[in-house]
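Q: I'm new to reading protein models. Could you walk me through one, feature by feature?

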Amino acid sequence: MKVNAVNQLKNLFADNPVVKPNKAEFDNIFTNFVGKVNDSQLNAGKLVNDFIDGKDVQLHEVMIAGEKAKTNFDLLMEIRNKALDMYKELTRMQI
């Protein structure tokens with residue numbers, strides 16, 4: 001899976017660094033990214049089931065899909081963790 005969401009965020013700020021994206025644009029980018037992570041996990045699960053059922057699926061395809069799903073999920077969790085850290089830092093600064 002290509003990480004287009006990061007490129008979309010970069011493009012939003014590329015023209016004018018002062019311009020901020022509106023909430024709807026950010027929601028769409030983040031929602032699309034979460035959807036793509038979910039799709040990659042569902043695809044990996046389908047390939048595992050097909051492999052177990054004896055369908056024409058190679059083991060390396062199953063392993064690659066599983067690793068892609070794991071990597072996508074790890075990236076999503078890191079983004080979530082950084083967002084939580086940022087929120088905690090902002091609330092701490094307000095005190």
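Q: Let's pick one residue to start: is Val62 buried or exposed, and why does it count that way?

A: First, keep in mind that this is a predicted model. The general idea is to compare relative accessibility with a cut-off: buried means under 20%. Val62 has 9% relative accessibility, so it counts as buried. You'll find Val62 in helix H3.

Q: Okay, and which residues does Val62 touch, not counting residues up to four places away in sequence?

A: Skipping sequence neighbours lets you see what the fold brings together. For Val62, the partners are Leu47, Val48, Phe51 and Val57. You can also look at C-alpha distances: Val62 and Lys46 are 16 residues apart in sequence, with 9.1 Å between their C-alphas.

Q: How many residues does helix H3 have, and what is its reach from first C-alpha to last?

A: For a helix, set the end-to-end reach against the span expected at 1.5 Å a residue. H3 runs over residues 59–94, which is 36 residues. Its reach is 53 Å, close to the expected 52 Å.

Q: Which residues of H3 are buried, and what covers them?

A: The buried ones in H3 are Val62, Ala65, Ala69, Asn72 and Leu76. Their cover includes helix H2, residues 23–52.

Q: Which residues make up the largest nonpolar core?

A: Here you look for buried nonpolar residues whose side chains join up. The largest such core has 6 residues: Ala44, Leu47, Val57, Val62, Ala65 and Ala69. H2 and H3 are the elements that give two or more residues to this core, and H3 supplies the largest share, 3 residues. To see a link across the core, try Ala65: leaving out residues up to four places away in sequence, Ala65 touches Ala44 and Leu47.

Q: What about a charged one, like Asp50: buried or exposed?

A: Use the accessibility test again. Asp50 counts as buried because its relative accessibility is 10%. Asp50 lies in helix H2, and beyond its neighbours within four places in sequence, Asp50 is in contact with Lys55 and Val57.

Q: Now the outside: which residues make the nonpolar surface patch?

A: For a patch, you look for nonpolar side chains that sit together at the surface. Phe26, Phe30, Val34, Leu75 and Ile79 make one of about 370 Å². H2 and H3 each give two or more residues to this patch, with H2 giving the most, 3 residues.

Q: And why does Leu75 count as partly exposed?

A: Because its relative accessibility is 32%, and partly exposed covers values between the 20% and 50% cut-offs. Leu75 lies in helix H3.

Key:
Residues are numbered from 1 along each chain as its sequence is written. This is a predicted model: local features need pLDDT of at least 70, side-chain atom pairs count only at pLDDT 80 or more; totals for chains, interfaces and linings use all residues. Side-chain values use heavy atoms; hydrogens and water are left out. Helices (H or I, at least four residues) and strands (E, at least two) are DSSP runs, numbered from the N terminus. The expected span of a helix is 1.5 Å times one less than its number of residues. Buried means under 20% relative accessible area, exposed over 50%, partly exposed in between (1.4 Å probe, protein chains only). Contact means heavy atoms within 4.5 Å. A nonpolar core is a set of buried Ala, Val, Leu, Ile, Met, Phe, Trp, Tyr and Cys residues joined through side-chain atoms within 4.5 Å. Patches are made of residues with over 30% relative accessible area and no salt bridge: like charges are joined within 9 Å, nonpolar side chains (Val, Leu, Ile, Met, Phe, Trp, Tyr) within 5 Å. Accessible areas come from the Shrake-Rupley method with a 1.4 Å probe; for residues, only the protein chains shown count as cover. A salt bridge is a side-chain nitrogen of Lys or Arg within 4 Å of a carboxyl oxygen of Asp or Glu.
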